[in-house]
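Got your viewer open and a selection box ready? Let's go through this one stop by stop, picking out pieces and seeing what sits there.

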Amino acid sequence: MRLSEVLSNPIASQFEQVDGFLNNTRLKTGKQKKIDIGAVFLTFYCKNCNANITFLSGEELHCIGINDHLVSIDCVVSCSRCGQTVPIWFLVESRNEIYSRVPEVRILKRTEKLSDKVLLGTERYGEYSTWLEKADRAYHDELGAGAIVYLRQILETATIQVAQRQGINILKSNGKRKPFKEILESVEAAVHIIPPEFSADGYRLFGELSGIVHGENDEALGIKKYDALRRLVVGVLDKVKDTQELTEAINALGWRMEETVV
């Protein structure tokens, strides 16, 4: 495996063995070197192209030595359609000497300098796309609790909006909002927004998110669980979006109208 493959993948805690890229020579602190590791491929939402597009770098990247186990790598990736660019910085750690013939490496941090033309996420989810992007940015900046706050906000707001569209009362007799669990149960009774794979644990997802937001060691736990929790929240968004689109299609066909059977 070449280092470019690791840089092209999501940030992970495990180390991956890669081909040596420093010619078995120690890179002194602060010294810069061009390295040939193959092209880096990353997906961003390009507003010019109005789609998720693969952005790729050149074959040669710039590496700066930090110590025997850390290097900084800079590159610029470009949209494969329109050429829009994104500068990216990686902090790469090695379990053994990073200049060895087969270093075992992982990405400690990745930072993108995005423009108003490029987003981390997708526009598929309307207003929620912006919140997902903010969650991803917080995660990439190692703000675990902050990232989870956005995920919880997405889940809560999406559920309440579905309840309102379904005419479900979300307020108690005193005018205050009902507990989220009660609202979610009412929504699920009317229209399923929790994917069947974890429909029995729909409220548990909200509980997991809330536990990280209000618990101790929330930053580290948020980082550890972010990918899995994000996937479940996106699963709910997919269900909400599909249900809404299907409802609009049914209404457009007039299938909701009362028909007289002769």
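Start by selecting α2 and α3: α2 passes α3 in a left-handed crossing. Keep in mind along the way that what you have on screen is a predicted model. Colour the two helices differently and look along them. They pack at an angle of about 160 degrees, with their axes 7 Å apart. That angle is over 145 degrees, which makes α2 roughly antiparallel to α3.

Now show the side chains where the two helices touch. On the α2 side, pick E127, Y128, W131, L132, K134, A135, A138 and Y139. Across from them, α3 brings in G146, A147, Y150, L151, Q153, I154, T157, A158 and Q161. Sort that contact by class and you get 11 nonpolar, four polar and two charged residues.

**Next stop: α3 and α5**

Leave α3 (residues 144-165) on screen, hide α2 and bring up α5 instead. This pair packs at an angle of about 145 degrees, with the axes 9 Å apart. Which hand does the crossing have, left or right? α3 passes α5 in a left-handed crossing.

For the contact itself, select I148, V149, L151, R152, L155 and E156 in α3. Then add L205, F206, L209, S210, I212, V213 and H214 from α5. The residues here divide into nine nonpolar, two polar and two charged. One to keep highlighted is L151, which belongs to this contact with α5 and also to the contact with α2.

**Swap α3 for α4**

Keep α5 (residues 202-214) and select α4 (residues 180-190). Their axes lie 10 Å apart, and the packing angle is about 150 degrees. That makes α4 roughly antiparallel to α5. The crossing is right-handed.

Where do they touch? From α4, click F180, K181 and L184; from α5, click G202, Y203 and F206. By class, this contact has four nonpolar, one polar and one charged residues. F206 deserves a label: it meets α4 here, and it is also part of the contact with α3.

**Turn on the surface: the largest pocket**

Time to look at empty space. About 530 Å³ of it lies in the largest pocket. Of the 22 residues that line this pocket, the closest to its centre are T43, R110, L120, D136 and H140, so to speak your five signposts. Three elements, β3 (41-46), α2 (127-140) and α6 (218-253), each supply at least two residues of the lining. Which element gives the most? That would be α2, with five residues. Taken by class, the lining has 10 nonpolar, eight polar and four charged residues.

**On to the second largest pocket**

This one holds about 330 Å³ of space. Of its 14 lining residues, select I11, A12, S13, Y139 and I223, the closest to its centre. You may recognise Y139 from the contact of α2 with α3. The elements that each supply at least two lining residues are β8 (104-112), α2 and α6. Here β8 gives the most, with five residues. The lining divides into six nonpolar, two polar and six charged residues.

Try showing both pockets together. α2 and α6 each supply at least two residues to the lining of the largest pocket, and each does so for the second largest as well.

**Last stop: a cavity**

How many cavities of 30 Å³ or more does the structure hold? There is one, with about 30 Å³ of space in it. To find it, select I168, N169, I170, K178, E182, I183 and S186, which line it. Three of these residues are nonpolar, two are polar and two are charged. While you are there, bring α4 (residues 180-190) back on screen and look for E182, I183 and S186 of the lining.

Key:
Residues are numbered from 1 along each chain as its sequence is written. This is a predicted model: local features need pLDDT of at least 70, side-chain atom pairs count only at pLDDT 80 or more; totals for chains, interfaces and linings use all residues. Side-chain values use heavy atoms; hydrogens and water are left out. On a 1 Å grid over the protein atoms alone, a cavity is a set of points where a 1.4 Å probe fits but cannot get out, and a pocket is an open set with protein on both sides within 12 Å along at least five of seven lines; lining residues have an atom within 4 Å of a point. Grid points are joined across faces, edges and corners, and a volume is the space filled by probe spheres set on the points. Ala, Val, Leu, Ile, Met, Phe, Trp, Tyr, Cys and Pro count as nonpolar, Asp, Glu, Lys and Arg as charged, and the others, Gly among them, as polar. Axes are lines fitted to C-alpha atoms, for helices over the stretch in contact, and angles run from 0 to 180 degrees between N-to-C directions. Helices (H or I, at least four residues) and strands (E, at least two) are DSSP runs, numbered from the N terminus. Angles under 35 degrees count as roughly parallel, over 145 as roughly antiparallel, 65 to 115 as roughly perpendicular and the rest as oblique. A crossing is left-handed if the near helix is turned anticlockwise from the far one by less than a right angle, and right-handed if clockwise. Contact means heavy atoms within 4.5 Å.
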